[in-house]
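Dear colleague,

I am handing over the structure we spoke about, and it is placed just below so that you can keep it open while you read. My notes on what was found in it follow.

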Amino acid sequence: MKLLALAVALATGSAAAATSWNMATPYADGEFHTQNIKQFIDDVNKATDGEIDITLHSGASLYKAPEIFKAVRSNQVQLGELLVSSLGNDDPVFQVDTLPFLATNYDDAKKLWAASKPYITEALKEKGAILLYTTPWPGQNFYTKEPLNSADDLKGKKMRAYNAMTSGIAAQLDAAPTTIEVSDIPQAFSTGQIDAMITSSATGASSQAWDFVNNYTRVNAWLPKNMIFINERTWRRLDEATQQAILDAAAAAEARGWEMSAEKNAASEQILAENGMNVADANEALTEALTEVGHNMADEWTQAAGEDGAAILEAYRSSK
């Protein structure tokens, strides 16, 4: 009986010693990003023998996207997920993630991430958060009613814009940036409020883009990434072995997430094609024009990002 009591006491003590964390993400359970996070959480729990127990609050159920980083900084929740570029207004270094027509495939996106990761990591740390890993969304591509054969086809057209970067792209292409919410996209196309938009294959498939446009032109303007981060004070309280276990799980999640993104992109483009959309690569003339746009916007960004921005672009270009 004494041995049984001791075993129970040890088990109870172990359970009491478990650390419970909360994590907030604005994305729904069905998103591949969220599925990846769930696997990461399981891996952390197993790697720490149950000492770290993370509860995921998905679909903005705990905090809306603009509130998540502040909640993590103040330790209201211990972990969070956001687009890297969501902090671009605080520090232009985060805007590197949405520089258009610079890294236009998964391999180049990885190289750009390798070049920018040290600066993103440091900028996050200065704000009170530790970067764990990133996962990209599929590339951003053009959706139009008519085939897109050259940049001239966009001149004067009304192009959906949802942030400063997409407004800048529209301006560079002599298009008219028009702010339209995601939920209003089908009606905006049908009523002529917009003639073109740029978004991922995944968004096009989920919104049934074939109901309001006929053409999907693959340009992979940029591959935006989500970042998963943890409160710095929470991180510093962990011993080195626990930190390493979490970093190992994060590295596995990052590798898995990049693969999941590529798979999602391929599946989504197949859905678009199966529903009658013309799925095509940008031709040489369009690619050249868009590359020039990318150079112009990268130069503008470097002026805002200063030495760090210049160093990132130099490291990226030398890696190609």
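In this predicted model, helix H5 (residues 164-172) and helix H10 (residues 284-319) pack with their axes 10 Å apart and at an angle of about 130°. Angles that are neither under 35 degrees, nor over 145, nor from 65 to 115 count as oblique, and H5 and H10 are therefore oblique to each other. The crossing that H5 and H10 make is right-handed. If you would like to find the residues that bring the two helices together, look on the H5 side for Met 165, Gly 168, Ile 169 and Gln 172, which meet Val 293, Asn 296, Met 297 and Glu 300 in H10.

One of these residues, Asn 296 in helix H10, can also be described by its exposure: its relative accessibility is 32%, and it therefore counts as partly exposed. Asn 296 lies 192 residues from Thr 104 in sequence, while the distance between the two in space is 16 Å, C-alpha to C-alpha.

A second place to look is helix H3, where Ile 68, Phe 69, Ala 71 and Val 72 are buried. Seen down the axis of H3, these buried residues fall within an arc of 160°, so they line one face of the helix. The face of H3 that is turned away from this buried side carries Pro 66 and Lys 70, which are exposed. As for what the buried residues of H3 pack against, the partners are strand S1 (19-24), strand S3 (79-83), helix H4 (106-126), strand S4 (129-136) and strand S10. Just after H3, Asn 75 takes a positive phi of about 65°.

The aromatic residues deserve a separate paragraph, and the structure holds seven aromatic pairs. In one of them, Phe 69 and Phe 229 sit edge-to-face, with 5.2 Å from centre to centre and 65° between the planes. This pair links distant parts of the chain, since Phe 69 belongs to helix H3 (residues 65-73) and Phe 229 to strand S10 (residues 225-231), and the two are 160 residues apart. Are the two residues of this pair buried or exposed? Phe 69 is buried, and Phe 229 is buried as well. Elsewhere in the notes on aromatic residues, Tyr 27, Phe 32 and Trp 137 form one aromatic cluster.

With kind regards

Key: Residues numbered from 1 in each chain as written. Predicted model: local features only at pLDDT ≥ 70, side-chain atom pairs only at ≥ 80, totals over all residues. Heavy atoms only, no water. Phe/Tyr/Trp six-rings, centres within 6.5 Å; stacked < 30°, edge-to-face > 60°. Helix = DSSP H or I, 4+ residues; strand = E, 2+ residues; numbered from the N terminus. Buried < 20%, exposed > 50% of the residue type's maximum accessible area, 1.4 Å probe, protein only. Arc of directions from axis to C-beta. Contact = heavy atoms within 4.5 Å. Axes fitted to C-alpha atoms, helices over the stretch in contact; angles between N-to-C directions. Left-handed = near helix turned anticlockwise from the far one by under 90°.
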